Amino acid sequence: NLVLGSTSGNTTTRGNLTTTGNTTTNNLTATNFISKRPSISVTTNTVIDSFNISTYRSAKYTIKVSDNTGYQAMEVLLIHDSINSLITVYGSLSMTGLDLVTLSTSISGTTVQLFATAINSGTSVNLMGTYVPD
């Protein structure tokens with residue numbers, strides 16, 4: 001274990017701070033949040049995210065879609081009751097004026113899955129998720 005700082009002081013890092021595993025904090029202040037998840041190639045019913053039903057109750061996604069026609073950005077909320085899962089797309093902007101993917105969700109065993117289906121060829125998705133436990 002490595003402990004930095006004190007219970008009443010600040011710890012400052014310069015450059016990149018990389019952690020593997022869990023990092024616990026009571027308060028987090030950041031200038032930017034940047035997703036480093038790799039791009040996911042999407043065809044039909046492609047799982048673009050999943051999580052255990054006992055770990056999180058809801059999720060919020062910021063998603064960027066690209067294909068051979070353009071780009072789309074959307075925000076999505078997901079919630080489940082351990083039997084069913086629901087999503088809503090509540091913000092969507094498309095450079096083409098059309099959706100580039102359709103989204104759906106389901107529960108398989110103990111896993112909530114978020115699916116994307118491409119409308120056009122060459123579709124990929126990048127996403128950032130925020131997860132909320134019970």
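1. Aromatic pairs. In this predicted model, the count of aromatic pairs comes to four. In one of them, the rings of Phe-51 and Tyr-56 have their centres 6.0 Å apart and their planes at 75°, so this pair is edge-to-face. Phe-51 also pairs with Tyr-131, again edge-to-face, with 5.7 Å from centre to centre and 70° between the planes. This second pair links distant parts of the chain, since Phe-51 belongs to strand β2 and Tyr-131 to strand β8, 80 residues apart.

2. The aromatic cluster and its exposure. Ring pairs join Phe-51, Tyr-56, Tyr-61 and Tyr-131 into a cluster. Phe-51 counts as buried because its relative accessibility is 7%, which falls under the 20% cut-off for burial. Tyr-56, by contrast, is partly exposed, with a relative accessible area of 29%, and Tyr-131 also counts as partly exposed, at 22% relative accessibility.

3. The nonpolar core. The largest nonpolar core has 20 residues, and those with the most contacts inside it are Ile-48, Tyr-61, Ile-63, Val-65, Met-74, Leu-103 and Val-125. The elements that give two or more residues to this core are β2 (46–52), β3 (58–66), β4, β6 (101–108), β7 (111–118) and β8. Tyr-61 is thus a name to follow through the model, as it appears both in the aromatic cluster and among the core residues with the most contacts.

4. Surroundings of Met-74. When residues up to four places away in sequence are not counted, Met-74 touches Tyr-61, Thr-62, Ile-63, Val-65, Val-89, Gly-91, Ser-92, Val-101 and Leu-103. Among these partners, Tyr-61, Ile-63, Val-65 and Leu-103 are also listed with the most contacts inside the core.

5. Surroundings of Leu-78. Leu-78 lies in strand β4, which covers residues 71–80, and is buried, with a relative accessible area of 2%. Leaving aside neighbours within four places in sequence, Leu-78 is in contact with Phe-51, Arg-57, Ser-58, Ala-59, Tyr-61, Leu-86, Ile-87, Thr-105, Val-112 and Leu-114. One of these partners, Ser-58, is 20 residues from Leu-78 in sequence, while the C-alpha atoms of the two are 5.4 Å apart in space.

6. A nonpolar patch on the surface. Which residues form a nonpolar patch on the surface? Leu-28, Phe-33 and Met-128 do, with about 330 Å² of accessible area together. Met-128 has its place in strand β8, residues 123–132, and is partly exposed, with a relative accessible area of 30%. Strand β8 therefore deserves attention on two counts, as Met-128 of the patch is in this strand, and so is Tyr-131 of the aromatic pair with Phe-51.

Definitions and conventions: Residues are numbered from 1 along each chain as its sequence is written. This is a predicted model: local features need pLDDT of at least 70, side-chain atom pairs count only at pLDDT 80 or more; totals for chains, interfaces and linings use all residues. Side-chain values use heavy atoms; hydrogens and water are left out. Patches are made of residues with over 30% relative accessible area and no salt bridge: like charges are joined within 9 Å, nonpolar side chains (Val, Leu, Ile, Met, Phe, Trp, Tyr) within 5 Å. Accessible areas come from the Shrake-Rupley method with a 1.4 Å probe; for residues, only the protein chains shown count as cover. A salt bridge is a side-chain nitrogen of Lys or Arg within 4 Å of a carboxyl oxygen of Asp or Glu. Helices (H or I, at least four residues) and strands (E, at least two) are DSSP runs, numbered from the N terminus. Buried means under 20% relative accessible area, exposed over 50%, partly exposed in between (1.4 Å probe, protein chains only). Contact means heavy atoms within 4.5 Å. A nonpolar core is a set of buried Ala, Val, Leu, Ile, Met, Phe, Trp, Tyr and Cys residues joined through side-chain atoms within 4.5 Å. Rings of Phe, Tyr and Trp (its six-membered ring) pair if their centres lie within 6.5 Å; planes under 30 degrees apart count as stacked, over 60 as edge-to-face and the rest as tilted.
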